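Work through these short exercises with the model in view. Try each task before reading its solution.

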Amino acid sequence: MEKTDFYINQKPVSITFECPHCDYDVTIDWDDLDAPEYWGDDWGEIDCPHYGKVVSLGDYDMD
C-alpha cells in the first residue's frame, strides 16, 4: 500500500493530509490519533472520514 505524507499542525493539535483515495484534504484531531511515543516510529494507518478507506501515514512535516 502506498503511504501518504502528512503535516503535524503546531502544538500539536491535528494532522492534515490529502487522501490518496479521494483527493480530499483531511484534518484529524490529535486526540483521535494513535501517535507513536517516538515520532520517528511508524505512524500506522487511519480511516479517511470522507471515503472510508484506510490510509497509511508516511513521512510528516511541521508548519
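Four exercises follow, each with a worked solution.

**Exercise 1. Confidence.** Find where in the protein chain confidence is lowest and where it is highest.

Solution. This is a predicted model. Start with the whole chain: its mean pLDDT is 92, and 98% of its residues reach 70 or more. Then go to the strands. Confidence is lowest in β1 (residues 3-9), with a mean of 90. The highest mean, 95, belongs to β3 (residues 25-29).

**Exercise 2. The sheet.** Give the strand order and name the edge strands.

Solution. Five strands form an open sheet in the order β3-β2-β1-β5-β4, with mixed pairing. β3 and β4 (45-47) pair on one side only, as edge strands. On average, neighbouring strands are turned by 40 degrees against each other, direction ignored. Now take β1 and β5: they run parallel, joined by 5 bridges. T4 has L57 in β5 as its bridge partner.

**Exercise 3. The core.** State which strands each supply at least two residues of the largest nonpolar core.

Solution. This core has 15 residues. Those with the most contacts inside it include F6, I15, F17 and L57. β1, β2 (14-18), β3 and β5 (54-62) each supply at least two. Next, follow L57. Beyond its neighbours within four places in sequence, its contacts include F6, I15, F17 and I46.

**Exercise 4. D29.** Decide whether D29 is buried, partly exposed or exposed.

Solution. Locate D29 in strand β3. Its relative accessible area is 46%. Buried means under 20% and exposed over 50%. D29 is therefore partly exposed. Outside its neighbours within four places in sequence, D29 contacts V13 and S14.

Definitions and conventions. Residues numbered from 1 in each chain as written. Predicted model: local features only at pLDDT ≥ 70, side-chain atom pairs only at ≥ 80, totals over all residues. Heavy atoms only, no water. pLDDT = per-residue confidence, 0-100. Helix = DSSP H or I, 4+ residues; strand = E, 2+ residues; numbered from the N terminus. Buried < 20%, exposed > 50% of the residue type's maximum accessible area, 1.4 Å probe, protein only. Contact = heavy atoms within 4.5 Å. Core = buried A, V, L, I, M, F, W, Y, C linked by side-chain atoms within 4.5 Å. Pairing = 2+ DSSP bridges. Axes fitted to C-alpha atoms, helices over the stretch in contact; angles between N-to-C directions.
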